[in-house]
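Reader: Could you walk me through this fold, one step at a time? I would like to see the reasoning behind each answer.

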Amino acid sequence: MSTAGPLKSVDYEVFGRVQGVCFRMYTEDEARKIGVVGWVKNTSKGTVTGQVQGPEDKVNSMKSWLSEVGSPSSRIDRANFSNEKTISKLEYSNFSIRY
């Protein structure tokens with residue numbers, strides 16, 4: 001993977017109608033398309049949470065997707081991003097759905 005600029009890591013939580021709408025599957029597909037690594041999972045309080053890592057521009061693309069697009073039948077109210085930091089190397093080899 002070519003590293004255009006610094007690698008970033010960010011945690012996210014997406015609020016709205018994001019469970020039971022294939023949100024995790026679409027998130028995994030989108031992450032692989034964009035070229036970021038990390039994970040996604042449903043929480044017990046009806047949100048979707050996870051972490052994204054990769055080159056800054058790709059992480060930003062994924063953040064926009066998580067905030068504004070999501071899966072076709074989802075309804076995103078908002079996405080919170082936290083723990084945004086520069087990392088020296090990726091902590092994951094791919095993007096996965098956690099249970």
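**Fold, sheet and core**

Author: Happy to! The UniProt annotation, from an unreviewed entry, places "domain: Acylphosphatase-like" on residues 9-99. Please keep in mind that this is a predicted model.

Reader: Thanks! How far apart do the end C-alpha atoms of residues 9-99 lie?

Author: That span is 27% helix and 43% strand. Its end C-alpha atoms are separated by 21 Å.

Reader: In what order do the five strands sit in the open sheet?

Author: The pairing in this sheet is mixed. β4 and β5 (95-97) each have a single partner strand, so one side of each lacks a neighbour in the sheet, and these two stand at the edges. On average, neighbouring strands are turned by 15° against each other, direction ignored. Read across, the order is β4-β1-β3-β2-β5.

Reader: Nice. Over how many bridges do β1 and β3 pair?

Author: Two of the pairs are easy to find: Lys8 is partnered with Gly54 of β3, and Ser9 with Gln53 of β3. The two strands run in the antiparallel sense, and the number of bridges is eight.

Reader: And on the β2 side, which residue of β3 is the bridge partner of Lys41?

Author: β2 and β3 are antiparallel and joined by six bridges. Their hairpin has five residues between the strands, and there Gly46 takes a positive phi near 85°. For Lys41, the bridge partner in β3 is Thr49.

Reader: What angle does the direction of α1 make with that of β5?

Author: α1 packs on the sheet, where it touches β1, β2 (37-42), β3, β4 and β5. Taken against the direction of β5, the angle is about 175°.

Reader: Is Gln51 buried or exposed?

Author: Gln51 belongs to strand β3. Eight of the eight residues of that strand are buried, so β3 is largely enclosed by the rest of the structure. The cut-off for buried is under 20% relative accessible area. Gln51 has 9%, so it counts as buried.

Reader: With which side chain does the side chain of Gln51 make a polar contact of 3.1 Å?

Author: Leaving out residues up to four places away in sequence, Gln51 touches Ser9, Val10, Asp11, Tyr12, Val37, Gly38, Trp39, Tyr92 and Phe95. Its side chain makes a polar contact with the side chain of Ser9 at 3.3 Å. The one at 3.1 Å is with the side chain of Asp11.

Reader: Now the interior, please. Which element supplies the largest share of the largest nonpolar core?

Author: This core has 19 residues, and among those with the most contacts inside it are Tyr12, Phe23 and Leu66. At least two residues each come from β1 (7-17), α1 (23-34), β3 (48-55), α2 (56-68) and β4 (75-87). The largest share is four residues, from α2.

Reader: Which phenylalanines is Tyr12 in contact with, leaving aside neighbours within four places in sequence?

Author: The contacts of Tyr12 include Thr27, Trp39, Val52 and Leu66. The phenylalanines in that set are Phe81 and Phe95.

Reader: One last point: how far apart in space are Gly35 and Val59, C-alpha to C-alpha?

Author: Gly35 sits in the loop between α1 and β2, and its 19% relative accessibility makes it buried. In sequence, Gly35 and Val59 are 24 residues apart. In space, their C-alpha separation is 8.8 Å.

Definitions and conventions: Residues numbered from 1 in each chain as written. Predicted model: local features only at pLDDT ≥ 70, side-chain atom pairs only at ≥ 80, totals over all residues. Heavy atoms only, no water. Core = buried A, V, L, I, M, F, W, Y, C linked by side-chain atoms within 4.5 Å. Buried < 20%, exposed > 50% of the residue type's maximum accessible area, 1.4 Å probe, protein only. Contact = heavy atoms within 4.5 Å. Pairing = 2+ DSSP bridges. Axes fitted to C-alpha atoms, helices over the stretch in contact; angles between N-to-C directions. Polar contact = N/O pair within 3.5 Å; in protein donor to acceptor, adjacent residues only side chain to side chain. UniProt positions renumbered as here; feature names shortened; annotations may be inferred.
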